[in-house]
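Here's a quick tour of a small set of computed features, going from the overall fold down to one residue. Have the viewer open while you read.

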Amino acid sequence: MKYELILKILAEKNNCSPKEIEEEMIKALQLAVVGTTPKSFITTVSQEIKTIHRN
């Protein structure tokens, strides 16, 4: 699933804009001291989930 589609789906479910979702994700990653972008974070986590489910 593309990053932009993920943002759109989350925005629709939360009655806000994709930009607001992305901004909140950035804040959350900063608070968690995770030095990456939301897009990179989602990509990495989804790859890890795929690996776990294969095993």
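## Overall layout

Starting at the N terminus, the elements of the protein run α-α-α. That makes three helices and zero strands. Keep in mind that this is a predicted model.

For a sense of scale, the C-alpha atoms fill a box of roughly 35 × 25 × 15 Å, taken along the principal axes.

## Surface and burial

The protein has 55 residues, and buried ones make up 15% of them. Its accessible surface comes to about 4,600 Å². Carbon and sulfur atoms account for 58% of that surface.

## How α1 meets α3

Take helix α1 (residues 3-13) and look at how α3 sits against it: the two axes come within 10 Å and cross at roughly 100°. Angles of 65 to 115 degrees count as roughly perpendicular, so that is how α1 and α3 are arranged relative to each other.

On the α1 side, the contact is made by Tyr3, Glu4 and Ile6; on the α3 side, Pro38, Lys39 and Ile42 do the job. Sorted by class, this contact of α1 with α3 has four nonpolar residues, two charged ones and no polar ones.

## A look at Ser46

Ser46 is found in helix α3, which covers residues 38-54. Is Ser46 buried, exposed or partly exposed? Its relative accessible area is 29%. Buried means under 20% and exposed means over 50%, so Ser46 counts as partly exposed.

You can also pair Ser46 with Ile6: they are 40 residues apart in sequence, and their C-alpha atoms are 12 Å apart in space. Ile6 is one of the α1 residues that make the contact with α3.

Methods. Residues are numbered from 1 along each chain as its sequence is written. This is a predicted model: local features need pLDDT of at least 70, side-chain atom pairs count only at pLDDT 80 or more; totals for chains, interfaces and linings use all residues. Side-chain values use heavy atoms; hydrogens and water are left out. Helices (H or I, at least four residues) and strands (E, at least two) are DSSP runs, numbered from the N terminus. Buried means under 20% relative accessible area, exposed over 50%, partly exposed in between (1.4 Å probe, protein chains only). Axes are lines fitted to C-alpha atoms, for helices over the stretch in contact, and angles run from 0 to 180 degrees between N-to-C directions. Angles under 35 degrees count as roughly parallel, over 145 as roughly antiparallel, 65 to 115 as roughly perpendicular and the rest as oblique. Contact means heavy atoms within 4.5 Å. Ala, Val, Leu, Ile, Met, Phe, Trp, Tyr, Cys and Pro count as nonpolar, Asp, Glu, Lys and Arg as charged, and the others, Gly among them, as polar. Accessible areas come from the Shrake-Rupley method with a 1.4 Å probe; for residues, only the protein chains shown count as cover.
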